[in-house]
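Notebook open, viewer open. I want to go through helix packing, aromatic pairs and a couple of buried residues.

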Amino acid sequence: MVPVRLTGPRLAVREYHHTEGDVAALHALFGDPEVTRYLPFGPSGVEDCADQVELYLEEALADERDTYRLAVTRLADAGDPRDAAPIGQASLTLGGHRAGDLGCVLARECWGRGYAGETVGLLCGFAFGPLGLHRLTARTAVDNTAAAKVLGGLGFRLEGRLRHDGFKDGVWSDSYLHSLLADEWPGSAVG
């Protein structure tokens, strides 16, 4: 496994560690009903989060890695980002034809600080740079205007509405699909 380590002005994106600290941070994130409001699952317990971290590490060790679920940390929280407690999660799932789907979720106390834009920007640089992807997509719940604004600010274009794309708590919901191409991302190696 080649560990992913991305660094921005204020944040770092790194692999998860199977430690009590990373599991507790993931539980603080996925155990919060407000944070999971727009996710396809409801609040998770500590054991579920420990299982998730174990799954993330297994995915990272795959011979042909196609899933990146990574911890988002603040550079100011530790001298080394590997030691900082996660404040969020960034995800990138590769598909066929040099395409990928990305996502980002942050702890509630980190909302409104520009961290989502920085995190998604780091993922875009990784996807269009070292991974050589051509197309990225991201889905947002139709009510999640903050996420749509972040994506729009990074150059993602709205492609359309996906009807009854999600099913949670017995209710169907729609999503918006956004996309960004490599030649639309500043500094990417177009190909």
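**Helix crossing.** I looked up the handedness of the crossing between α1 and α2 first, and it is right-handed. This is a predicted model, and I read every value below with that in mind. Helix α1 covers residues 20–30 and helix α2 covers residues 46–60. I get an angle of about 115° for the packing, and the axes are 9 Å apart.

Which residues make the contact? From α1 I noted V23, L26, H27 and F30. On the α2 side I have V46, C49, A50, Q52, V53 and Y56. Sorting these contact residues by type, I find eight nonpolar and two polar, with no charged residue in the set.

**Aromatic pairs.** How many aromatic pairs does the structure hold? I count four. I wrote down two of them in detail.

One is Y68 with F126, which I logged as edge-to-face, with 5.3 Å centre to centre and 80° between the planes. I then checked where the two rings sit: Y68 is in strand β3 (residues 67–74), while F126 is in helix α3 (residues 115–128). Their positions are 58 residues apart in sequence, so I note this pair as one that ties together separate parts of the chain.

Are these two residues buried or exposed? Y68 has 9% relative accessibility, so I put it down as buried. F126 comes out at 11% and also counts as buried.

The other pair I noted is F167 with W172, and this one is tilted. The ring centres are 4.7 Å apart, and I have 55° between the planes.

**T73.** Back to strand β3, where T73 has its place. I find 0% relative accessible area for T73, which means it is buried. What does T73 touch, leaving out residues up to four places away in sequence? My list has R10, L11, A12 and R14, and then P81, A84, A85, P86 and I87.

**E59.** Last stop is helix α2 again, where I found E59. Its relative accessible area is 15%, and because buried means under 20%, E59 goes into my buried column. Which side chain does the side chain of E59 make a polar contact with? I have R69 as the partner, at 2.2 Å. R69 also turns up in my contact list for E59, together with R65 and T67, again not counting residues up to four places away in sequence.

Note on methods
Residues numbered from 1 in each chain as written. Predicted model: local features only at pLDDT ≥ 70, side-chain atom pairs only at ≥ 80, totals over all residues. Heavy atoms only, no water. Axes fitted to C-alpha atoms, helices over the stretch in contact; angles between N-to-C directions. Helix = DSSP H or I, 4+ residues; strand = E, 2+ residues; numbered from the N terminus. Left-handed = near helix turned anticlockwise from the far one by under 90°. Contact = heavy atoms within 4.5 Å. Nonpolar A, V, L, I, M, F, W, Y, C, P; charged D, E, K, R; others polar. Phe/Tyr/Trp six-rings, centres within 6.5 Å; stacked < 30°, edge-to-face > 60°. Buried < 20%, exposed > 50% of the residue type's maximum accessible area, 1.4 Å probe, protein only. Polar contact = N/O pair within 3.5 Å; in protein donor to acceptor, adjacent residues only side chain to side chain.
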